[in-house]
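Got your viewer open? Here's a walk through this complex, stop by stop, with what to select and what you'll find there.

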Amino acid sequence: MDVLLAFTRPSLDWHALAPELTLLAFGTLITIVDIIWDDRSKQTMPTLAGIGLLATLVPILTLAVDGTERSMFGGAYVVDDFSLVLKALFLISGYIVVLMSVDYIREGDYYENEYYTLMLTSLLGMVMMSSSRDLVSVFVALELLSIPAYMLAAWRKGGPRSNEAGLKYYLMGVFASAVMLYGMSLVYGLAGSTTFDVIAQELGSGSSNPVAVLGILFVLIGFAFKVSAVPFHTWAPDTYEGAPTPVTAFLAVASKTAGMVALIQLVFVAFLVRDDVIQPFFWLISALTMTVGNLIALRQTNIVRLLAYSGIAQGGFMLVPFAVAADAPARAIEAVVIYLAIYAFMNLGAFTVVLAVARKTRSGEIDSYSGLFQYAPGLAVAMTVFLAALAGIPPAGGWFAKFGLFRALLDAGGGWAAALGVIVAINTVIAFAYYARVLMPMWFQPVTDGDERPIVVTGALGAALTVTLLATMAFGVLPGLVGHFGEVSVLSALGG
Amino acid sequence: MEATGFDSWVLSLTVFLPLVGAVVIMMIPKAYEAEVKLVALGSSLLALIIGLYITIQFNYGAAGDLQFVVDKGWIDVINSRYIVGLDGLSLPLLMLSLVTVPLCLIYSWNHVPEPGNTKAFFILLLILSTGMNGTFVAQDMILFFVFFEIVLLPMYFLIGVWGGEDRRYASLKFFLYTLFGSALMIISFLALFFLSKDSAGELLHTFDMRVLTDVAGVGIIKSTQVWIFAGLFMGFGIKVPMFPFHTWLPDAHTQAPTVGSVILAAVLLKLGTYGFVRIAIPFLPDAAISWAPWIGLLAVIGIIYGALGCLAQSDMKRLIAFSSVAHMGFVMLGIATLTDFGINAAIFGMVAHGMITGMLFFIAGSVKERYHTLEISRLGGLLKSAPRMGWILGFASMASLGLPGLAGFWGEFPAILSAYNPGAGMPEETFRTYMVIAAIGTVLAAGYLLWLYQRTAFGEPPEEFAGHEIADVNRFEWIAWTPFLVGIALFGVWPNLIFNVTDDVVAGITASVEAIAAGN
Amino acid sequence: MLENAFIIPLIPAISFVVILFFGKRFIGAGRVHVVGITALGLVWVLSAVAAFQWTQRVEDPPPGAIVQLEAHVDEHGDQRADEHGDDHANDHAALSQDHSKDGHGGGHSSPLIRPVISTFSQWWSNGGVEFAVGTLVDGQTVLLLIVVASISLLVHIYSSEYVKGDRRYVHYYAFLSLFTAAMLFFVMAQNIIQLIVGWELVGVCSFVLIGHWWEEKPNTDAALKAFLTNRVGDIGLIVGMIVLWGTFRTFDIDAINTLISADPAAHHFALLVAACCLMAAVASKSGQFPLHTWLPDAMAGPTPVSALIHAATMVVAGVYMIARLYPVFYEGFSIGSSSINLMAFIGGFTALIGAALAFAQWDIKKVLAYSTVSQLGYMVMALGVGAWTAAIFHLFTHAFFKACLFLGAGSVSHAAHHTFDMRKMGGLKKDMPHTYRTFVISALALAGIFPFAGFWSKDEILLGSLVGQENSYPLMLIFGCAVALMTAAYMTRVIWYTFHGEFRGEGHPHESPKVMTVPLWILAGMAVVAGAFNLPSPVLEPFGLEGLAHRIQTYAEPSVYLSGLGLSHPDPSLAMALVGSALAISGILVTYLYYWRGMGPHGMTQRNRYAKNGYTFLENKYYLDHLYNDVVVETVKRPIANWANRFNQNVLDGAVNAAGETARDTGRWIYKWIDQGAIDGSVHAAARGADSSGEGLRAIQSGKVQNYGQLLFGSAAVLAIVFVIVV
Amino acid sequence: MLLNQFLILGAFLFAVGVYGVLARRNGVMVLMSIELMLNAVNINLVVFGVQHGVVSGQVFALFVIAVAAAEVGVGLAIVLLLYRNRTSIDVEDFDLMRG
């Protein structure tokens with residue numbers, strides 16, 4: 001018994017924890033400011049949040065420059081290039097979401113301050129997720145990023161749709177985490193430890209044990225829910241439609257990225273030895289996800305809902321590399337990371353345009369985009385770029401993401417990989433079919449209600465638009481930019 | 001051999017000058033239409049001038065090897081580089097594309113089709129031209145792919161925004177078809193990237209088209225080669241378009257605005273055939289040998305099929321569109337023989353078809369503008385109401401039906417002739433059958449073109465147009481058309497202008513094919 | 001001139017450009033003919049010079065003009081020749097020997113003069129196939145040069161009056177010039193590609209000129225029909241030429257001929273295929289059965305055009321091509337050994353049906369057109385039986401008198417209100433003496449009456465088919481004789497209806513002006529004397545002029561190619577000549593009886609029809625006449641001719657049109673069902689499938705959170721089970 | 001020790017929880033069923049921890065309990081919200097958004 005009670009305080013690497021601490025500090029700061037000045041602080045909130053996010057980037061940069069890999073709590077919490085790249089990605093997308101939110105929230109008739117608190121908290125969870133190499137820390141990070149997200153989804157307290165969105169997201173989320181936890185318990189039962197390294201060893205040594213299969217499966221399902229993979233996607237469309245649009249963007253990008261990050265770590269660090277389970281599983285899931293997502297998207301008339309389904313399909317694309325995780329691990333991780341980075345910008349961009357247009361038309365219906373090109377050519381062109389990117393048409397960024405997938409698949413080689421490649425090819429075609437359903441009214445149709453007043457793009461939205469647009473085009477023309485990050489994240493992720 | 005000094009810039013300039021022009025135009029507010037036009041024309045003309053400089057500086061003695069080569073880092077992570085270069089195969093097509101765009105700009109100088117908006121229209125044309133020029137000079141597969149795809153969106157919008165009644169359907173169809181093809185194409189590119197070995201059996205992991213041409217697919221097992229070729233075939237064959245992937249073409253052509261059709265016919269279709277000659281065959285000669293008979297089959301089917309399709313049409317533009325299917329059939333037949341004779345003919349055919357069919361679409365556009373219909377049954381007496389246009393139509397039709405002494409013949413006849421002796425290791429009887437079928441195709445061609453000409457140009461003008469005046473060829477049309485007309489006649493009289501440029505490259509390509517065939 | 005023959009086609013080409021582009025503006029629409037005529041005058045002079053130089057070359061060959069084929073083959077960069085170089089040496093040695101042996105016998109006295117071949121800038125090189133444009137000038141060429149130049153010149157002059165004030169005077173002359181240029185280019189083609197080019201170009205010119213008055217649909221229909229029929233033949237042309245190329249790996253006519261004559265036995269099959277294919281081309285261009293139907297329709301064009309293109313020059317292009325590539329056909333159809341072959345039969349049959357059809361026509365130009373068909377058949381038949389010289393000789397003479405006949409017909413219609421319907425003519429003899437005389441002279445020439453030109457050439461053809469080469473061609477002889485008879489007959493009929501009896505048209509017919517009659521007289525003159533160019537030596541012996549015998553054979557025949565084939569020439573036979581002219585005369589006689597003597601009976605016939613019995617017994621001599629006329633002549637004329645005509649109009653012509661229609665219907669069908677239906681349909685089906693499946697999948701999204709939960713846990717369970725079992 | 005029995009108990013509890021969340025339409029009952037599932041997991045964790053003789057299982061269980069508390073808090077908040085806006089806590093009623 002004394003063995004159990006012996007406790008030594010683990011050594012804390014403050015530098016490694018600096019990003020999380022900064023974020024936490026700002027989160028608390030916002031709350032305190034809010035409590036003290038309540039209404040008078042309204043204006044400063046978004047600014048504060050923004051500064052917080054940017055400030056958090058500073059320690060990340062210093063860590064990146066320092067470059068040494070730091071591991072804490074017996075390898076439960078690791079800070080390496082991989083985690084840094086993704087932390088940065090989380091923070092940047094978070095910042096863009098803040099930019100998108102400013103006017104939306106200010107014009108909404110709800111008390112706005114905790115909005116930012118919640119968002120920062122959720123981001124904190126994500127930032128932690130990218131460093132977690134242990135079942136417990138993964139679980140905690142997951143819940144830390146999910147619970148605020150449930151509340152954000154239900155943000156418009158008076159709006160029944162928003163409530164419903166929150167409820168669905170919450171319930172499905174909890175179901176999923178229950179399943180995941182059950183899986184974790186089984187995995188733990190086999191490995192006798194919660195850290196991934198040990199788990200990897202134990203799974204490797206142990207013969208194919210059905211319990212292991214069950215455990216792995218349930219854990220993966222838990223995150224498959226997070227990345228809204230078919231058949232665990234059902235919450236996504238409803239939640240996306242019901243939640244406030246900035247939140248939708250946040251869920252569609254940041255929270256999905258978080259799920260992917262968790263999957264990368266679980267699959268490539270912990271479960272890689274059981275490729276006989278993960279590869280077929282992801283082959284199936286990814287094929288299902290992209291196909292179903294695309295097919296349903298064909299029938300959507302609401303732009304947000306369409307983007308939701310497109311997001312599901314995109315998630316399917318991101319899952320493709322996992323199907324060759326063991327055959328071409330490096331390429332696979334690279335592909336996923338690159339895809340995540342590009343996807344963050346192009347999808348956020350699309351949502352920004354949706355926000356900007358909605359400010360005028362007050363409608364989410366695709367028809368309301370008729371003749372956009374006539375009275376808002378700038379927005380029309382921007383939207384075109386983002387949709388082209390999502391469809392993967394050069395020179396907009398998306399093509400390189402898709403290219404990454406194909407690259408991973410063909411590097412692995414083999415009939416199954418090639419088959420999946422063809423499925424991807426077909427899906428890109430289907431995908432463009434519904435992106436075109438947005439482009440057509442924009443370009444080819446006259447304005448439905450003769451209202452041709454130009455759209456006022458507020459400063460914040462403008463900034464968000466510029467950032468996303470530039471990034472999307474840059475990634476398309478000089479993919480090396482994003483490719484580099486993909487590369488660095490590979491080495492450490494496999495090494496760690 | 002890397003180019004140095006100014007020569008190392010020329011190709012990039014021809015490719016990107018139009019893009020720069022487009023960006024500049026974006027800056028110019030809509031109101032300043034004159035400036036917009038001038039900038040557009042200026043940038044495209046500048047590109048053309050540099051193109052002329054290239055044709056002068058080009059070392060025809062060494063037309064076989066790449067010149068003006070630039071090789072700079074681009075996407076290091078995937079080991080893809082910015083490599084552009086130009087050889088006898090690229091030169092004619094690059095020039096064709098460089099010439100076509102300014103002509104289109106001039107043609108639509110004062111009448112941008114409904115719903116107007118000159119600025120956007122010209123921007124799209126310029127982006128389009130960047131994509132086309134780039135495709136012809138790119139020497140890195142990824143670069144090629146990017147340029148190959150860049151042309152899609154502008155053309156999609158040209159058709160969709162400025163097109164005819166059914167434009168949405170047509171544009172989407174065009175886009176989805178091509179997108180599907182290119183998605184499969186990129187898979188094949190990657191397969192080549194990962195599987196190509198050099199002579200020592202080392203994996204190359206390169207997108208450099210020069211290298212891949214040299215290794216000529218050795219070390220990739222035959223069955224895999226055949227599959228990779230299948231992907232390339234889809235990518236390029238849809239673009240050509242080959243039967244049975246042609247159905248997007250008539251719709252796209254019919255609905256597209258005049259200059260859209262012209263560019264589509266003159267340049268875009270050539271991207272596919274160019275791809276076959278530049279990539280598919282030299283990279284995978286072995287697979288090419290086993291594919292060639294089938295390609296030839298589809299080609300001759302296309303010839304007859306397109307001709308019959310023409311005979312069925314009641315719309316002038318749609319008829320011309322179908323004739324493209326037939327003519328590209330001749331081109332593909334020439335390629336399918338895998339003989340330098342045939343491939344040379346094919347390249348000549350590309351240029352000739354570009355000018356001739358482009359010309360026909362120009363005329364169709366002007367007719368539409370004057371009569372507000374292209375219903376052949378409603379037209380007539382063009383020779384009477386607009387004699388010059390009538391004569392030009394006659395000239396173009398004659399060229400199109402392969403009249404000797406005009407450009408069309410030199411693409412058609414040698415292609416048929418080459419089918420008599422296909423390349424090494426290919427079924428002679430089969431190709432001789434193709435030859436005869438293709439020869440029959442020439443008759444049908446004469447049939448539908450003369451039928452078209454009789455219905456539209458001959459006879460008395462229909463009374464429904466008796467009232468209003470039909471203007472003859474106007475100044476802008478003259479400027480836009482003369483280069484094509486001159487070219488058709490010039491290349492018809494002196495085919496060697498193109499043949500001896502392309503010959504060396506093609507000889508190189510077929511040499512590798514023969515080497516492989518000898519190996520089998 | 002022989003070396004620089006390319007100048008000759010260049011001149012009219014330039015005049016074409018000048019007239020078309022500067023005619024209206026600088027010269028004046030009414031005066032463009034000046035340009036054309038001067039150009040043609042120049043052409044004529046140069047051709048004459050060329051002809052003279054060629055005769056000189058034959059008379060005293062310059063060193064090197066006597067064959068050394070292997071050397072000259074080599075300089076044409078022909079791989080195959082290099083391999084066979086030495087065999088060439090041998091058999092040309094052999095050649096020259098046997099030629100010196102039987103050089104003086106059998107009227108075969110021409111030395112083996114090699115043609116003057118000059119090649120210019122390399123036209124294109126493709127995959128190692130170097131390809132030069134150039135000219136090949138020999139006797140055959142210069143003969144055609146003379147023919148084309150003379151006829152074209154006269155037609156230019158004639159037209160300046162005939163089409164004066166026409167809607168498109170400028171275009172008319174422009175394309176007349178272009179045609180001349182193309183024809184000359186074709187004639188002096190040095191390689192088969194040039195042959196194809198010229199062939200197609202003359203075709204286009206004929207298309208344009210037939211459709212000259214394109215406001216009227218029938219004209220354009222005729223033009224289309226002509227062009228399309230020719231394209232059909234061109235399949236044969238292209239394929240045949242390709243086969244030749246594939247066999248000999250060269251486009252060079254001279255090389256091909258030499259190779260064949262060097263080793264006749266080789267590649268018999270390839271040659272047979274090539275010959276059959278080319279035969280189709282000939283059939284279309286030279287109006288041979290069954291592709292002749294376009295020619296009568298082509299008469300829709302202006303009459304001078306018919307005279308130039310559809311009588312004298314373009315339509316003989318086919319004949320010329322056979323003659324040019326004679327070794328191909330000679331070996332392909334093994335003319336030497338057989339006693340019947342495709343070419344001879346087609347020729348003979350065409351000659352027959354053409355002549356028969358000529359009876360049934362009321363349009364004077366159509367009569368002449370069918371007569372042209374028939375005469376072309378004659379030439380082809382002559383080539384088919386191996387009588388090369390006879391064919392070319394007939395081509396030569398026929399050009400003149402047929403052109404004269406057409407121009408005469410033009411002059412007549414000029415007088416008679418631009419109608420060609422013989423029923424609206426008659427009695428023009430007194431009004432148009434010049435036209436009448438020239439017309440009769442040419443008609444006699446055509447009928448082959450001694451001593452007119454036609455007699456000599458036709459006689460040689462009959463002789464050729466009588467003797468043949470190793471075997472004789474009896475069937476062809478029968479055809480030939482029958483045609484000789486019928487030709488005489490229908491020409492007499494034409495003369496009767498046009499110039500005799502009373503004038504049945506309206507208005508006052510008048511003689512055409514000098515500018516039209518002078519060309520007529522020139523041509524008539526040629527129709528008389530042209531025969532003198534190839535008189536057999538027996539005729540000349542009395543005058544001690546044997547030296548002038550067989551000039552065409554001596555100068556024109558490319559014995560350098562033919563002697564290798566062992567082509568022989570029959571000795572002239574008086575018997576044959578007598579039979580020939582007897583047939584012609586009897587033909588005239590019969591018709592004469594029918595029309596001149598038989599006039600009363602015709603009236604009688606009608607009265608018979610009304611009051612049958614009344615005068616029968618009294619007027620039984622009429623009854624006899626009636627019997628004689630209506631039974632004998634009618635049985636000859638009506639049934640056969642009309643049957644032929646019906647067959648022609650309904651079956652053959654129908655077939656042509658039907659082919660066109662079928663093509664369009666097939667097109668429509670395929671477009672409707674295959675293209676839009678099957679192919680495009682499947683695409684749409686895929687799209688619809690995607691849409692509807694999307695619709696179906698939406699059912700998952702019930703909106704009820706517990707259904708979502710069920711799906712989640714359910715699929716989790718399913719996956720679990722599956723994987724636990726499988727893995 | 002009685003490992004399997006404990007595991008079976010855990011599995012049984014989990015199954016009951018699943019049944020509850022799917023079958024009960026009352027929002028509060030659903031939340032309680034969720035608690036069942038989570039506690040099933042806790043049982044597993046503790047048991048495995050003991051079996052391996054390490055403390056991490058129990059630590060994990062503690063984390064789960066804490067997080068579960070927070071989750072249910074949020075859940076109740078949302079249910080309350082819905083009750084205020086829709087005067088119903090029947091999860092079947094909430095299907096404004098579908099398809």
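When the tour names a helix, that's a DSSP run of H or I at least four residues long, and the numbering starts at the N terminus. One thing before we move: this is a predicted model.

**Stop 1: a glycine in chain B**

Select B:G306, which sits in helix 12 of chain B, residues 285–312. Is B:G306 buried or exposed? Because 29 other C-beta atoms lie within 10 Å, it is buried; the cut-off for that label is 20 or more. Now show what surrounds this glycine. Setting aside neighbours within four places in sequence, B:G306 is in contact with B:F322, B:S323, B:V325, B:A326 and B:G329. If you'd like a ruler, draw a line to B:F413: 107 residues along the sequence, and 18 Å away from B:G306 in space, C-alpha to C-alpha.

**Stop 2: a tyrosine in chain A**

Jump to A:Y110. Look for it in the loop that runs between helix 4 (81–107) and helix 5 (113–129) of chain A. Here the count is 14 C-beta neighbours inside 10 Å, so A:Y110 is classed as partly exposed. Which residues does A:Y110 touch, not counting those up to four places away in sequence? They are A:W155, A:R156 and A:K157. Stretch the ruler again, this time to A:W399: A:Y110 and A:W399 are 289 residues apart in sequence and 40 Å apart in space, C-alpha to C-alpha.

**Stop 3: two crossing helices in chain A**

Stay in chain A and colour helix 16 (residues 377–391) and helix 19 (residues 459–477); their axes come within 10 Å and cross at roughly 45°. Helix 16 and helix 19 of chain A are therefore oblique to each other, and the crossing is left-handed. Turn on side chains to see who meets whom. From helix 16 of chain A come A:A382, A:V385, A:F386 and A:A389, and facing them in helix 19 of chain A are A:L465, A:L469, A:T472, A:M473 and A:G476. Sorted by class, that contact has seven nonpolar, two polar and no charged residues.

**Stop 4: chain C as a whole**

Switch to chain C and show it as a cartoon: 29 helices and two strands. Buried residues account for 57% of its 727 residues. Among the contacts in chain C with a separation of 6 or more, 80% join residues 24 or more positions apart.

Colour by confidence next. Chain C averages a pLDDT of 78, with 86% of residues scoring at least 70. Then pick out residues 68–109 of chain C, where the pLDDT is below 50; beyond near neighbours in sequence, this stretch has 53 contacts in the model. Residues 599–629 of chain C are also below 50, and there the tally beyond near neighbours in sequence is 15 contacts.

**Stop 5: a helix pair in chain C**

Select helix 15 (residues 342–360) and helix 16 (residues 364–384) of chain C. Their axes come within 7 Å and cross at roughly 160°, which means that helix 15 of chain C is roughly antiparallel to helix 16 of chain C. The crossing of this chain C pair is left-handed. Residues making the contact include C:G347, C:G348, C:A351 and C:G354 of helix 15 of chain C, and C:S371, C:S374, C:G377 and C:Y378 of helix 16 of chain C. By class, the contact between these two helices of chain C has 15 nonpolar, eight polar and no charged residues.

**Stop 6: where the chains meet**

Zoom out to the complex. The predictor gives it an ipTM of 0.82 and a pTM of 0.86. Which chains share the most contacts? Of the five pairs of chains in contact, it's B and C.

Select that interface: 40 residues from chain C and 43 residues from chain B. On the chain C side, the elements giving two or more residues are strand 1 (116–126), helix 7 (192–210), helix 8 (217–248) and helix 28. Helix 8 of chain C gives the most, with 14 residues. The chain C side facing chain B divides into 22 nonpolar, nine polar and nine charged residues.

Now swing round to where chain C touches chain A, with 22 residues from chain C and 28 residues from chain A. On chain C, helix 28 (620–697) and helix 29 (705–726) give two or more residues each, and helix 29 of chain C supplies the largest share, 11 residues. That side of chain C has 13 nonpolar, six polar and three charged residues.

Last, show chains B and D together: no contact joins them, and their closest C-alpha atoms lie 25 Å apart.

Definitions and conventions:
Residues numbered from 1 in each chain as written. Chains lettered and ligands numbered in written order. Contact = placed C-beta atoms within 7 Å. Nonpolar A, V, L, I, M, F, W, Y, C, P; charged D, E, K, R; others polar. Axes fitted to C-alpha atoms, helices over the stretch in contact; angles between N-to-C directions. Parallel < 35°, antiparallel > 145°, perpendicular 65-115°, else oblique. Left-handed = near helix turned anticlockwise from the far one by under 90°. Buried ≥ 20, exposed ≤ 12 C-beta atoms within 10 Å, placed from the backbone. pLDDT = per-residue confidence, 0-100.
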